[in-house]
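I set out to record two matters here: the surroundings of the ligand and the packing of helices. The entries follow the order in which I looked them up.

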Amino acid sequence: MSTILFVNACMRGEKSRTLKLCREYLAEKENVVEVDLGKLALVPFDGEAAGRRADLQKAGAWDDPVFDLAKQFAAADEIVIGAPYWDLSFPAALKTYIEYVSVCDIAFHYSEQGRAEGLCKAKSLTYITSCGGFVEGANFGYEYLSGIATMFGIPETRFVAAEGLDVVELDVETQMAKASKTIAKLNGR
Ligand SMILES: Cc1cc2nc3c(=O)[nH]c(=O)nc-3n(C[C@H](O)[C@H](O)[C@H](O)COP(=O)(O)O)c2cc1C
């Protein structure tokens, strides 16, 4: 059975509007495995930790737990990422998670010509966000993750956003409903 990996970067937990949208998208799907980045509280790699991991890679010590998130990501059939629009991109916890996932010889490898080639199984990465204002020409979080998807060999990326949620003149329910329509379309309804 195919597995959906839900990367939950909705840092406000149950209060999160982004999480509500993610749940709508995932409602009818089976075999969803969630990684809750708020609970996981990953520590970013510093030079020492990156060096230690590189030594483990060189030694082929792939059973070390530092590689668990990368293996889980690479094996999933579909990736769903939920993250609020923070500072023109997303919370730092998501970048830290990508640091853990982006492992050479698990998520990608280098060809003899030195080009990165993806090793991930997923056919698509769906990115769900919500923002106080409007993403407009500053969709940097999604653009970055689209680059990562290309590097990891994931052929399709899809984007959903509820926008204008903190604009007092706009009705939150109406703005959320627009995003729900996009989700329904992605789910073939
Ligand atoms: C730390 C932080 C940074 C934010 N940065 C932006 C921003 O750059 N642009 C914007 O339109 N909204 C910004 N917002 C507003 C959120 O995007 C908005 O409230 C969103 O709906 C929050 O999602 P959530 O309900 O899933 O937590 C920011 C909010 C926070 C807490």
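**Entry 1: ligand contacts**

I began with T18, where a polar side-chain atom lies 2.5 Å from an oxygen atom of the ligand. I note that the model is a predicted one.

I then looked up two further polar side-chain atoms. For D166, I find one at 2.6 Å from a ligand oxygen atom. For S130, the distance from such an atom to an oxygen atom of the ligand is 2.8 Å.

I next asked how much of the ligand's accessible area the protein covers. On its own the ligand has 650 Å² of accessible area, and the protein covers 74% of this.

**Entry 2: the shell around the ligand**

I listed the residues around the ligand and found 15. Those that come nearest are S16, T18, Y85, G133 and D166. T18 and D166 thus appear in this list, and each has a polar side-chain atom recorded above, at 2.5 Å for T18 and at 2.6 Å for D166.

I sorted the shell by class and obtained six nonpolar, five polar and four charged residues.

**Entry 3: helix α4 against helix α5**

I turned to helix α4, residues 68–75, and helix α5, residues 92–101. Their axes are 7 Å apart, and the packing angle is about 85 degrees. I therefore describe α4 as roughly perpendicular to α5, since angles of 65 to 115 degrees count as such.

Which residues make the contact between α4 and α5? On α4 I find L69, A70 and F73, and on α5 I find Y97, Y100 and V101. By class, this contact has six nonpolar residues, with no polar and no charged ones.

**Entry 4: helix α5 against helix α6**

I then followed α5 to helix α6, residues 140–152. The two axes come within 13 Å and cross at roughly 10 degrees. Angles under 35 degrees count as roughly parallel, so I enter α5 as roughly parallel to α6.

From α5, the contact is made by L94, K95, I98 and V101; from α6, by Y144, L145, I148 and F152. I count by class seven nonpolar residues, no polar ones and one charged residue in this contact.

I note finally that V101 of α5 takes part in the contact with α4 and also in the contact with α6.

Methods. Residues numbered from 1 in each chain as written. Predicted model: local features only at pLDDT ≥ 70, side-chain atom pairs only at ≥ 80, totals over all residues. Heavy atoms only, no water. Axes fitted to C-alpha atoms, helices over the stretch in contact; angles between N-to-C directions. Helix = DSSP H or I, 4+ residues; strand = E, 2+ residues; numbered from the N terminus. Parallel < 35°, antiparallel > 145°, perpendicular 65-115°, else oblique. Contact = heavy atoms within 4.5 Å. Nonpolar A, V, L, I, M, F, W, Y, C, P; charged D, E, K, R; others polar. Near = heavy atom within 4 Å. Polar contact = N/O pair within 3.5 Å; in protein donor to acceptor, adjacent residues only side chain to side chain. Areas by Shrake-Rupley, 256 points an atom, 1.4 Å probe, with all protein chains shown as cover.
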